[in-house]
Amino acid sequence: YSSQDCINYIPEQADAANTRAPTMLRGLPGLTKLNVTGGGEGPALPGWIRGLHNTEGMLFCVAGSQLCRINNDYSVDQLGTINGSDFVGMEHNQITNGYQLAIGTGASGYIYNTVTGVLTQITDPGFPGTPGFVYSDTYFAGVEPQGRYWFTSALADGLSYNTLDTYEAEASPDRILSLLTNHREIWAMGQR
């Protein structure tokens, strides 16, 4: 009705001329309830969603304290434990025959290897922790939790870090809040 609000409907123009109505309302595509945390319809996720990432057609999420893969039939595979309870930042990198999925929780980080199916906590002494990762040219990059500097991983290896591969906001000193990749450049976003 022309005087009422339409929520989650998209007006669609008629393709042919002289139709009964010039437009019609279509439901918003792609809205299907797939899963409910804590039970209900379908397989249950083990907690609230802390992060979600599509790794070249494989959908991963951190739900509660578990890294999960959501399969094409909407079943859920639990892959390992991710400590913490806050949001996580996720990114992936290509390796031989698969991918490394990097997960940053703030104080710690994890790598899930899609080839071996192993979830590993990053224990390299050069890794300071990060709330999330970005990807550029086979490197993972993250911001140190206090925002003093940002850093990169070793080439195509999210488990290896060097304390010399750190970068600061030297031209205009500021606390670094996050990173963004744009056209193969890493941009450091400051507080000011």
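This is a guided tour of a predicted model, with a suggestion at each stop of what to select and a description of what is there.

**First stop: a sheet of four strands**

Begin by selecting strands S7, S8, S9 and S10, which form an open sheet in that order, with antiparallel pairing. At the edges you will find strand S7 (89-95) and S10, each of which pairs on one side only. As you turn the view, look for the twist of this sheet, which averages 20 degrees from one strand to the next. Now keep only S7 and S8 on display: these two strands run antiparallel and are joined by 7 bridges. To see one position along this pairing, select glutamine 94, whose bridge partner in S8 is tyrosine 99.

**Second stop: the largest nonpolar core**

Next, select Phe60, Val62, Leu67, Leu79, Ile82, Val88, Met90, Leu101, Ile103, Tyr110 and Tyr112, the 11 residues that make up the largest nonpolar core. At least two residues of this core come from each of strand S4 (58-63), strand S8 (98-104) and strand S9 (109-113). In soluble globular proteins, nonpolar side chains tend to be buried together.

Stay here and centre the view on phenylalanine 60, whose contacts beyond four places away in sequence include Leu67, Leu79, Met90, Leu101 and Tyr112. Phenylalanine 60 also touches Gly51, Leu52, His53 and Thr55, among others.

A second, separate core has 9 residues, and Ile111, Phe133, Phe140 and Phe151 are among them.

**Third stop: another sheet of four strands**

Now select S11, S12, S13 and S14, which form an open sheet in the order S11-S12-S13-S14, again with antiparallel pairing. S11 and strand S14 (157-167) stand at the edges with a single partner strand each, so one side of each has no neighbour in the sheet. Direction ignored, neighbouring strands of this sheet are turned by 35 degrees against each other on average. Within the sheet, strand S13 (residues 150-154) pairs with S14 in the antiparallel sense over 4 bridges. Select phenylalanine 151 and then threonine 166, its bridge partner in S14.

**Fourth stop: aromatic rings**

With phenylalanine 151 still selected, turn to the aromatic rings, of which the structure holds 8 pairs. Add phenylalanine 127 to the view: how are its ring and that of phenylalanine 151 arranged? Their centres are 5.8 Å apart and their planes stand at 85 degrees, so this pair is edge-to-face. Phenylalanine 127 lies in the loop between strand S10 (118-121) and S11, whereas phenylalanine 151 belongs to strand S13, so the pair ties together parts that are 24 residues apart in sequence. Phenylalanine 127 is buried, with a relative accessible area of 10%, and phenylalanine 151 also counts as buried, at 2% relative accessibility. To widen the picture, select Phe127, Phe133, Phe140, Phe151 and Tyr161 together, since these residues form one aromatic cluster.

**Last stop: two loop residues**

Finish with two residues in loops, beginning with asparagine 18, which is found between strand S1 (9-13) and strand S2 (23-27). Its phi is near 60 degrees, a positive value in a residue other than glycine. Is asparagine 18 buried or exposed? Its relative accessible area is 83%, so asparagine 18 is exposed.

Then select aspartate 137, in the loop between strand S11 (133-136) and strand S12 (139-143). The phi of aspartate 137 is also positive, near 50 degrees, and this residue is partly exposed, with a relative accessible area of 35%.

How values were computed:
Residues are numbered from 1 along each chain as its sequence is written. This is a predicted model: local features need pLDDT of at least 70, side-chain atom pairs count only at pLDDT 80 or more; totals for chains, interfaces and linings use all residues. Side-chain values use heavy atoms; hydrogens and water are left out. Buried means under 20% relative accessible area, exposed over 50%, partly exposed in between (1.4 Å probe, protein chains only). A nonpolar core is a set of buried Ala, Val, Leu, Ile, Met, Phe, Trp, Tyr and Cys residues joined through side-chain atoms within 4.5 Å. Contact means heavy atoms within 4.5 Å. Two strands pair if DSSP finds at least two bridges between them. Axes are lines fitted to C-alpha atoms, for helices over the stretch in contact, and angles run from 0 to 180 degrees between N-to-C directions. Rings of Phe, Tyr and Trp (its six-membered ring) pair if their centres lie within 6.5 Å; planes under 30 degrees apart count as stacked, over 60 as edge-to-face and the rest as tilted.
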